[in-house]
Amino acid sequence: MISTIYIEEEIATHPRTLAILERFPDATKISCERYGEIFNRKSQNFRLQKKQPALILARKHKGHILPTPKQYGIGAEHNYYFSHMLNCLYDCRYCFLQGMFQSAHYVLFVNYEDFTEEMTSLLNKHGDEPVHFFSGYDCDSLALDPVTNFTSKFLPFFENNPQALLELRTKSTQIRNLLKREPIKNCVIAFSFTPDKIAKSLEHKAPDVNKRLQAILDLQKSGWQIGLRFDPLIYTKDYAREYGELFNDIFSKINPDLTHSISLGGFRLPKDYLRKLEKLYPDEKLFSSPLAEENNNIGYPLEIREAMLDFCANIITQHVPENKFFPCHEMI
Amino acid sequence: MIHIFCALPCEAQPLIQHFKLAELKQFDLFRIYQSKDKEISLTLSGVGKINTASAVSYHHACIKTNAGDAWLNIGVAGHANIAIGEARLVNKITDEHDKSTWYPQIVFKSPCESAALITLDKPSEDYQDVLFDMEASAFYQIAIRLGTAELIHCLKIVSDNTTQASSKVTADTVKTLVSIKLKLLDNLIESLKPLSAKIRSITSEPEHYQYCIEKWHFTQSEKLQLSRLLRQWSIRLPDEAIEAFIASDTSGKSVLQSLRNKIKGSEFVIHD
């Protein structure tokens, strides 16, 4: 799976680096000073690199934990996101990472302890108020968990800090590390969904909808709280039928009591990212969707956006109370 | 197209014969050779970084290159302990002089192992556990400005090591070493071809683009819009005859408006 590993000299002897290298004895190892020497170089082609991404082991020096954009949240006033990894195993055509990064290589920041240290500072700053931490913006939280052991490090931290909540955003079925331990109340495993046919067209290399749903059922059976993320909503002529079937499938199977929150928002991207994606995938149907520009962002025109959000909201609120439902109407 | 750069005539000669390249006499600053179908060209740079950087720039100016082309620096190199005659694709280039580094992106099944390389200003027999050459950093530094990173590579064949120093390497030895690795070079080129094709396909103009810009005037910004709309048309209205639809338009602006309206009025289904 991983045939090349770049290793920053500074973390070459970090225990997490050594453990990961041990998993890939046949990979070519290349030392580098800073990951940006590889990751940020121009003239790279994301689409070509996606054929055989390398793993870059690095140290994150600053900005470990960042505030989320104002409109993102699932009920708390203080919201932060963090990325122990950059880039994703999957290849979803709507994903903003393709527009944001020059490289498709996976960067893993091995200095988890610096992340939790900064979380501790933020929790101290906010006293007893709830603070939400979101993982999975710049990577899939669980897809590489067997390699990174991300959850094994972070879940004990949250277990000891009950005023904090961790969201693990994912499409992955790599839930073994979760199932083999006791669930914690302040962690939400949030699965992203699009209807099956849309997922097959756009979410390349990701587990299919049924497998994700099965992962949810397994997690709920073990007592974990789950989240449902219908973001991005993808427009197609028959979206009502397709999303209707998806909701019916999901809500007929899951346990509503262990469903922490549901959020949704239409497909939208910063204009620059979308233009870059169009160049990478000029024949991609998604970029021929009905789209409009608003404040330097591109997404569905207001009438489509609102019609889809209203349709979905009507069904979702039949299944969960409104205080668990977080729609995003903005294009940003 | 594939653009090959060699420092020495003895490195180039086996390649010139293998790919049946003929010299392009009209270019006299550096010797440039090309295959009959123009798919492979080779420039003889001479030894060292200045020669190499100049040769890559000159080649680019003389031979029309594009983002889908592959760029290869092929030659011999020293190494402390890799056996003579072994080939390595370079995975890290360090310029000894200013310590700049580059990381060639090997996103295909490599026909041989890869190794790090240091580009020196002067020959050295103080071998290390990395390849030594005198051209790769200059080649890569210029080629990366002209091409796509995943298509730019250095293939080095070990000609000297701690058991046989460079002072003992002759031109005939180099010719033999390169000749033995021609099959490996063919394999490398075969591995790069699908990547080149992918870049060519995503950077090519959409169908009907030339027809439109020859028939109507478009500003630069309108050309981008045209390109986007033509691609959308081919996706959303694949069975509709576009040229007949816009035949009566009298300006570039009205073509864009016609295309926009027609596309907007069509149904959109994201999957087959």
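Here is a walk through a predicted model of two chains, A and B.

Let us begin with how confident the predictor is. The complex receives an ipTM of 0.94 and a pTM of 0.95 from the predictor. Chain B has a mean pLDDT of 97, and 100% of its residues reach 70 or more. With that in mind, we can take the chains in turn.

Chain A is built with 13 helices and 18 strands. Its radius of gyration is 20 Å, close to the 20 Å that the globule rule gives for 332 residues, so chain A is as compact as a globular protein of that length. If you drew a box along the principal axes around the C-alpha atoms of chain A, the box would be roughly 55 × 45 × 35 Å. Of the 332 residues in chain A, 44% are buried. Look also at how the chain folds back on itself: among contacts in chain A between residues at least 6 apart in sequence, 79% join residues at least 24 apart.

Chain B makes a nice contrast. Here you will find 9 helices and 10 strands. The globule rule gives 19 Å for its 272 residues, but the radius of gyration of chain B is 24 Å, well over that value, so chain B is more spread out than a compact globule. The box for the C-alpha atoms of chain B, again taken along the principal axes, is roughly 75 × 45 × 35 Å. In chain B, 40% of the 272 residues count as buried. As for contacts in chain B with a separation of 6 or more, 72% are accounted for by residues 24 or more positions apart.

How is chain B divided into domains? The domain assignment gives domain 1, covering 2-202, and domain 2, covering 209-264. Taken over C-alpha atoms, the centres of these two domains of chain B are separated by 43 Å. While you are looking at this part of the chain, find B:His208, in the loop between helix H5 (182-203) and helix H6 (209-215) of chain B. B:His208 has a positive phi of about 75°, although it is not a glycine. With 16 other C-beta atoms within 10 Å, B:His208 is partly exposed.

Now let us look inside. The largest nonpolar core has 150 residues, and the ones with the most contacts inside it are A:Ile56, A:Leu57 and A:Val107. Which residues does A:Ile56 touch, leaving aside its neighbours within four places in sequence? A:Ile56 is in contact with A:Tyr6, A:Tyr35, A:Ile38, A:Phe39, A:His105, A:Tyr106 and A:Val107. Apart from the largest core lies another one, of 10 residues, and among them are B:Leu229, B:Ile246, B:Val255 and B:Leu259.

Next comes the place where the chains meet. There, 32 residues of chain A are in contact with 29 residues of chain B. On the side of chain A that touches chain B, the elements giving two or more residues are strand E2 (28-32), helix H2 (36-39), helix H3 (46-49), helix H9 (196-202) and helix H12 (271-280) of chain A. H9(A) gives the most to this side, with 4 residues. By kind, the residues on this side of chain A divide into 10 nonpolar, 11 polar and 11 charged.

Finally, a few spots in chain A deserve a visit. Most residues other than glycine have a negative phi, and most peptide bonds are trans. Against that background, find the peptide bond from A:Asp231 to A:Pro232, which is cis, with omega near 10°. A:Pro232 has its place in strand E13 (residues 225-233) of chain A.

A:Asn295 is worth finding too, in the loop between strand E16 (292-294) and strand E17 (297-299) of chain A. A:Asn295 is not a glycine, yet it has a positive phi of about 50°. Is A:Asn295 buried or exposed? A:Asn295 counts as exposed, because it has 10 C-beta neighbours inside 10 Å.

The last stop is A:Tyr72, found in the loop between strand E4 (65-67) and strand E5 (78-82) of chain A. A:Tyr72 has 19 other C-beta atoms within 10 Å and is therefore partly exposed, since a residue is buried if 20 or more lie within that distance. From A:Tyr72 you can also look across to A:Leu258: the two are 186 residues apart in sequence and 21 Å apart in space, C-alpha to C-alpha.

Conventions
Residues numbered from 1 in each chain as written. Chains lettered and ligands numbered in written order. Predicted model: local features only at pLDDT ≥ 70, side-chain atom pairs only at ≥ 80, totals over all residues. Domains from an automatic or database assignment. Core = buried A, V, L, I, M, F, W, Y, C linked by C-beta atoms within 7 Å. Buried ≥ 20, exposed ≤ 12 C-beta atoms within 10 Å, placed from the backbone. Contact = placed C-beta atoms within 7 Å. Rg over C-alpha atoms; globule rule 2.2 N^0.38 Å. Nonpolar A, V, L, I, M, F, W, Y, C, P; charged D, E, K, R; others polar. pLDDT = per-residue confidence, 0-100.
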